Amino acid sequence: FILLLTMQGFDPESLKRLQQQLQANAGSAAGQVAGTIDSLQDLSEFINIPGCVALNANPSTPVEPILSENPVNAFLCSDADVDEQILIFIPFLETVKVFSISFLAEHGPQESSGPKQVRIFVDRPNLDFSDAEDQKATQEFELSPKQLKGEEINLNFVRFQNVHNITVFIQSNQDDSDISFVNRICFRGFKVQGTNMDKLQKSG
């Protein structure tokens, strides 16, 4: 491109100014992309809390506190009379794009343990434990003890576009305990403009 302009008679000083302008424009575009990533937000305000369900949870530990800031370190734990697995259904009020997830599991009941094997499903409502065990997950991972301190875990962003609900399956825990627990599950991402799922469901 620069060679072509030189052949067409542009003087070196004009070429230099043009090159500087092109570089500035490229830097501006990169900054806009970086700004988008920097503007990731906690998606807890978009969660439809009344619609959340935790299967095999101890009845005395509701799911609602672990999906917000939870300053008192409330916990959700599995039913010790059954097993360590928990299946959590989380619907959103708005369509969202989810970039990352984090888990906090530091304050639980005695003889309990934080999540280890976790499977995530997008827009698969009404899963039961057999489904969560057998069906292909949108993403799955094995958590380390370090990650249970709230470390952000990037998701496969392409698979988490236009999300209406997420199901989190806690399949096992760190210590093979009969009780799994978690203090906080946090999603970060963006709201997709223009769709309020609560209003859409009411109108339907």
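Arginine 188 and glutamate 152 make a salt bridge in this predicted model, with 3.5 Å between the closest N and O atoms. The two partners come from distant parts of the chain, 36 residues apart: arginine 188 sits in strand 11, while glutamate 152 is in the loop between strand 7 and strand 8 (153–154). Neither end is tucked away under the 20% mark for burial, so both fall in the partly exposed class, arginine 188 at 26% relative accessibility and glutamate 152 at 39%.

That contact is one of 3 salt bridges found in a search of the whole structure. Another pairs aspartate 42 with arginine 184, and here the closest N and O atoms are 2.9 Å apart. Aspartate 42 belongs to strand 1 (residues 41–42) and arginine 184 to strand 11 (residues 184–196), so this bridge ties together parts of the chain that are 142 residues apart in sequence. In terms of solvent, the two ends fall into separate classes: aspartate 42 is partly exposed, with a relative accessible area of 23%, whereas arginine 184 is buried at 9%.

There is also a salt bridge between arginine 119 and glutamate 140, with the closest N and O atoms 3.2 Å apart. This one runs from strand 6 (residues 117–122), home of arginine 119, to strand 7, where glutamate 140 sits, and the partners are 21 residues apart. Arginine 119 is buried, with a relative accessible area of 8%, but glutamate 140 comes out as partly exposed at 45%.

Turning to the rings, the whole-structure search gives 5 aromatic pairs. One of them joins phenylalanine 103 to phenylalanine 141 in an edge-to-face arrangement, 6.4 Å from centre to centre and with 70° between the planes. Since phenylalanine 103 is part of strand 4 (residues 86–104) and phenylalanine 141 is part of strand 7 (residues 139–142), the pair ties together parts that are 38 residues apart in sequence. Both rings are on the buried side of the cut-off, which is under 20%: phenylalanine 103 has a relative accessible area of 0%, and phenylalanine 141 has 13%.

Phenylalanine 129 and phenylalanine 169 form another edge-to-face pair, at 6.0 Å centre to centre and again with 70° between the planes. This contact brings a helix into the picture, as phenylalanine 129 lies in helix 3 (residues 129–134) and phenylalanine 169 in strand 9 (residues 163–170), 40 residues apart. Phenylalanine 169 is buried at 0% relative accessibility, while its partner phenylalanine 129 is partly exposed at 24%. Elsewhere, ring pairs link Phe99, Phe157 and Phe190 into a cluster.

On the backbone side, a couple of asparagines are worth a look. Asparagine 73 has a positive phi of about 60° despite not being a glycine. The residue is found in the loop between strand 2 (53–55) and strand 3 (76–77), and with 28% relative accessibility it counts as partly exposed. Asparagine 162, not a glycine either, has a positive phi of about 50°. This asparagine also lies in a loop, the one between strand 8 and strand 9, and asparagine 162 is partly exposed as well, with a relative accessible area of 39%.

Terms used
Residues are numbered from 1 along each chain as its sequence is written. This is a predicted model: local features need pLDDT of at least 70, side-chain atom pairs count only at pLDDT 80 or more; totals for chains, interfaces and linings use all residues. Side-chain values use heavy atoms; hydrogens and water are left out. Rings of Phe, Tyr and Trp (its six-membered ring) pair if their centres lie within 6.5 Å; planes under 30 degrees apart count as stacked, over 60 as edge-to-face and the rest as tilted. Helices (H or I, at least four residues) and strands (E, at least two) are DSSP runs, numbered from the N terminus. Buried means under 20% relative accessible area, exposed over 50%, partly exposed in between (1.4 Å probe, protein chains only). A salt bridge is a side-chain nitrogen of Lys or Arg within 4 Å of a carboxyl oxygen of Asp or Glu.
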